[in-house]
Each structure stands twice: as C-alpha cells, then as structure tokens.
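User: I would like a close look at a single part of this model, together with its surroundings. Please treat it in one connected account.

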Amino acid sequence: MASTQMLIAEAYSAFNRRDIDGALALMSENVSWPKASEGGRVAGKEEIRAYWTRQWKEFDPHVEPVEVIDREGSKAEVKVHQLVKTLSGDVLSETEVWHVYTIANGLIERMDLRGSDPSSHHTPSAAFSKL
C-alpha cells in the first residue's frame, strides 16, 4: 500500500497529464467527488470520468500539491496551487486552496474543497478547484 503522500502525488500527476484511467485507478469504486465548476457532487469513477471530460473541453486546469498534511482518521489535507487557463492559454484563475481527502485501503474515497477562508469555496476562483 502506497503512502498517502505518494498516492496524492500520483493522483495530481495523472490529472495534470489528463490520464483519467491512471487517476481513477487510485480511487475506490464509490468515490465521492465535488463538481467544483458545476456545483454538487459525483459518485463513482464513471461519473468522475464524465465530469473531467466535460471540464477539459471548457478550460485547462493544472493543479500542483504544495503541502500534504496527514491527519488521523484516514484524512489528508492538501494545499494546492491551481492555475486555470482558457483552452487558448489565457489565465482564468491562479489561486491556492485546500483539498481534503478521505483515504481507505490505500485508495481515495472522497475529496472535499476547503478554501483558505471557510466561505471562499463559494467564490468564482475557487470554483475551478479540480483535483
């Protein structure tokens, strides 16, 4: 079983390479994921695949982990630098936000968004927080 830090690094790397299968291989079958750019959540790998496929046709997100904090109870908090561009390369958003993961049996079971300010996950820039 990979360490949490390795799991998180592999997931972001796969996302940034647009390797959906590689990212989904790191998740449980019933993974729960926020649809930051659309609102609500998706459940399961195929719903995440569909969400990311739609997302990548609209804009170009790149998300890099800056800090990973392992918490007790199978939680990990990840501070990320996210750069979101239009498909033609113009910057839409560049921010740092927190992603909170629930890990079980070496796989990602859930991801939640948390901004630096508790209300910031409702702002337009945070709406681009992807993986």
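Across which strands does helix α1 lie, and at about what angle does it run to β3?

Analyst: The model is a predicted one. Helix α1, residues 4-17, lies across β3, β4 (75-85), β5 (91-104) and β6, and its direction makes about 175 degrees with that of β3. The other helix to be placed on the sheet is α3 (residues 45-58), which touches β1, β2 and β3 and runs at about 45 degrees to β1.

The setting of α1 is best given before its details. The chain contains three helices and six strands, arranged from the N terminus as α-α-β-β-α-β-β-β-β. Of its 131 residues, 44% count as buried. Among contacts between residues at least 6 apart in sequence, 50% join residues at least 24 apart.

The six strands form an open sheet with mixed pairing, in the order β2-β1-β6-β5-β4-β3. Because β2 (41-43) and β3 (60-71) have a single partner strand each, they stand at the edges, and one side of each is left without a neighbour in the sheet. On average, neighbouring strands are turned by 20 degrees against each other, direction ignored.

Among the strands beneath α1, β3 and β4 are antiparallel and share eleven bridges; Pro61 has Val84 of β4 as its bridge partner. The two strands form a hairpin with three residues between them, and Gly73 in its turn has a positive phi of about 80 degrees. Strands β4 and β5 also run antiparallel, joined by eleven bridges, with Val78 opposite His99 of β5. Their hairpin has five residues between the strands, and there Gly89 takes a positive phi near 105 degrees.

Strand β6 (residues 107-114) pairs with β1 (residues 27-34) in the parallel sense, over two bridges. Met27 has Ile108 of β6 as its bridge partner. In the loop between β5 and β6 lies Asn105, whose phi is positive, about 55 degrees, although the residue is not a glycine. With a relative accessible area of 73%, Asn105 is exposed.

The helix itself can now be taken up. At 1.5 Å a residue, the 14 residues of α1 should span 20 Å, and the end C-alpha atoms are indeed 20 Å apart, so the two values agree. The buried residues of α1 are Leu7, Ile8, Ala11, Tyr12, Ala14, Phe15 and Asn16. A general point bears on this list: an α-helix has 3.6 residues a turn, so residues three or four places apart point the same way. The buried residues of α1 pack against α2 (20-24), α3, β3, β4, β5 and β6.

Phe15 deserves separate attention. The structure holds six aromatic pairs. One of them joins Phe15 to Trp52 in an edge-to-face arrangement, with 5.1 Å centre to centre and 70 degrees between the planes. Since Phe15 lies in α1 and Trp52 in α3, the pair ties together parts that are 37 residues apart in sequence. Both residues are buried. Ring pairs also place Phe15 and Trp52 in a cluster with Tyr12, Trp33, Trp56 and Tyr101. Thus Tyr12 and Phe15, both among the buried residues of α1, belong to this cluster of linked rings.

Phe15 has a further partner just beyond the end of the helix. The charged end of Arg18 sits over the ring of Phe15, 5.4 Å from its centre. Arg18 lies in the loop between α1 and α2. At 26% relative accessibility, Arg18 counts as partly exposed, whereas Phe15 is buried.

The backbone of Arg18 is also of interest. Most residues other than glycine have a negative phi. Arg18, just after α1, takes a positive phi of about 65 degrees. Asn105 is another non-glycine residue with a positive phi, of about 55 degrees.

In summary, α1 lies across β3, β4, β5 and β6, and its buried residues also pack against α2 and α3. At Phe15, the edge-to-face pair with Trp52 is joined by the charged end of Arg18 over the ring.

Notes
Residues numbered from 1 in each chain as written. Predicted model: local features only at pLDDT ≥ 70, side-chain atom pairs only at ≥ 80, totals over all residues. Heavy atoms only, no water. Pairing = 2+ DSSP bridges. Helix = DSSP H or I, 4+ residues; strand = E, 2+ residues; numbered from the N terminus. Axes fitted to C-alpha atoms, helices over the stretch in contact; angles between N-to-C directions. Contact = heavy atoms within 4.5 Å. Expected span 1.5 Å × (residues − 1). Buried < 20%, exposed > 50% of the residue type's maximum accessible area, 1.4 Å probe, protein only. Phe/Tyr/Trp six-rings, centres within 6.5 Å; stacked < 30°, edge-to-face > 60°. Lys NZ or Arg CZ within 6 Å of the ring centre and 35° of its normal.
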